[in-house]
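Reader: I am new to this structure. Please choose one part, look at it closely, and then lead me outward from there.

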Amino acid sequence: MEFEEKTLKSERIFDGVLLHLVREEVLLPNGKTSVREMIRHPGAVAMIPFTSDGKMVMVRQFRKPLDRTVVEIPAGKLETSDAEPLLAAIRELEEETDYRAEKWSELTVFYPTPAYLDERITIYLAEGLTKVDNSLPMDEDEFIEILELTYDEAKVLQESGEICDSKTIYAMLYWEMRLLRERIEG
């Protein structure tokens, strides 16, 4: 069965600083038409940074859509100047945490809510962290507390709901699998 929808008409409804809302009329596989409303997003990067003593670096910040403070892994949107996501990840880690990583590995790419949002997030593992004194300046509209958490500390925050976003929950699952693998191998 063919699933592809063909765009018949596209209209930009709203152009914001970060997001763009689009309404499209589409031709369905059965020959009927329907309307799709979508948010266009430039994409983002996130990183799972581990300190040399096995702690994960996370950030605590207020998120207006939730109207509360949450704990997340460091992340940021892609800028138009970013030739590749890894360069954005390197920049965002330093901007948000004052750390640089010696070793970077791409772990996954995922789409958090593909029913209405085209945001693509690339997640990296960042290891061999060193603190930097002359770090990149944080965005002037960001207010962040840097946390270095053990797995048990992070798990408590996840269970309390302070860790609640998909990219950080993915990071927690990755960390859990890594700890399990270390136990099996060691």
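Author:
**Strand β9 and its surroundings**

Start with β8 and β9. Strand β8 covers residues 99–110, and 10 bridges tie it to β9 in an antiparallel pairing. One facing pair is F110 and I121, the latter in β9. Keep in mind that this is a predicted model.

β9 itself spans residues 121–131. Is it enclosed or open? Eight of its 11 residues are buried, so the rest of the structure largely encloses this strand.

β9 has another partner. It pairs with β4 over six bridges, this time in the parallel sense. Here A46 stands opposite I123 of β9. So both senses of pairing turn up around β9, antiparallel with β8 and parallel with β4. In general, strands of a sheet pair through backbone hydrogen bonds, and the pairing can be parallel or antiparallel.

Now look at one residue of β8. L107 sits in that strand. Its relative accessible area is 27%, so it counts as partly exposed. Beyond its neighbours within four places in sequence, L107 is in contact with I48, I123, Y124, L125, Y170 and Y174. I123, Y124 and L125 fall within β9, residues 121–131. I48 falls within β4, residues 44–49. Y170 and Y174 fall within helix α3, residues 166–185. R60 makes a useful marker further off. L107 and R60 are 47 residues apart in sequence, and their C-alpha atoms are 23 Å apart in space.

Next, step back to the loop before β4. This loop joins β3 (33–40) to β4 (44–49), and H41 is found in it. H41 has 15% relative accessibility; the cut-off for buried is under 20%, so H41 counts as buried. A polar atom of its side chain lies 2.8 Å from the backbone nitrogen of G43. With neighbours within four places in sequence set aside, H41 touches L18, L19, K77, L117, D118 and E119.

R60 leads to another sheet to look at. It falls within strand β5, residues 56–63. β5 takes part in an open sheet of three strands, ordered β6-β5-β10, with antiparallel pairing. The edges belong to β6 (68–72) and β10 (145–149); each has a single partner strand, so one side of each lacks a neighbour in the sheet. From one strand to the next, the twist averages 30 degrees. Five bridges link β5 to β6. Along this pairing, R63 stands opposite R68 of β6.

Helices pack on these strands. α2 lies across β5, β6 and β10, and runs at about 120 degrees to β10. α3 also packs on the sheet and touches β5, β6 and β10; its direction makes about 160 degrees with that of β5.

How do the two helices meet each other? α2 (residues 151–160) and α3 (residues 166–185) pack at about 145 degrees, with axes 11 Å apart. Their crossing is left-handed. From α2 come Y151, A154, K155 and Q158; from α3 come I169, M172, W175, E176 and L179. By class, this contact holds six nonpolar residues, one polar and two charged.

One link ties the tour together. α3 touches β5, β6 and β10 in the open sheet. L107 of β8 is in contact with Y170 and Y174, which fall within α3 (residues 166–185). That brings us back to β8, joined to β9 by 10 bridges.

Note on methods
Residues are numbered from 1 along each chain as its sequence is written. This is a predicted model: local features need pLDDT of at least 70, side-chain atom pairs count only at pLDDT 80 or more; totals for chains, interfaces and linings use all residues. Side-chain values use heavy atoms; hydrogens and water are left out. Axes are lines fitted to C-alpha atoms, for helices over the stretch in contact, and angles run from 0 to 180 degrees between N-to-C directions. Helices (H or I, at least four residues) and strands (E, at least two) are DSSP runs, numbered from the N terminus. A crossing is left-handed if the near helix is turned anticlockwise from the far one by less than a right angle, and right-handed if clockwise. Contact means heavy atoms within 4.5 Å. Ala, Val, Leu, Ile, Met, Phe, Trp, Tyr, Cys and Pro count as nonpolar, Asp, Glu, Lys and Arg as charged, and the others, Gly among them, as polar. Two strands pair if DSSP finds at least two bridges between them. Buried means under 20% relative accessible area, exposed over 50%, partly exposed in between (1.4 Å probe, protein chains only). A polar contact is a pair of N or O atoms within 3.5 Å; within protein, one must be able to donate a hydrogen and the other to accept it, and residues adjacent in sequence count only if both atoms are side-chain atoms.
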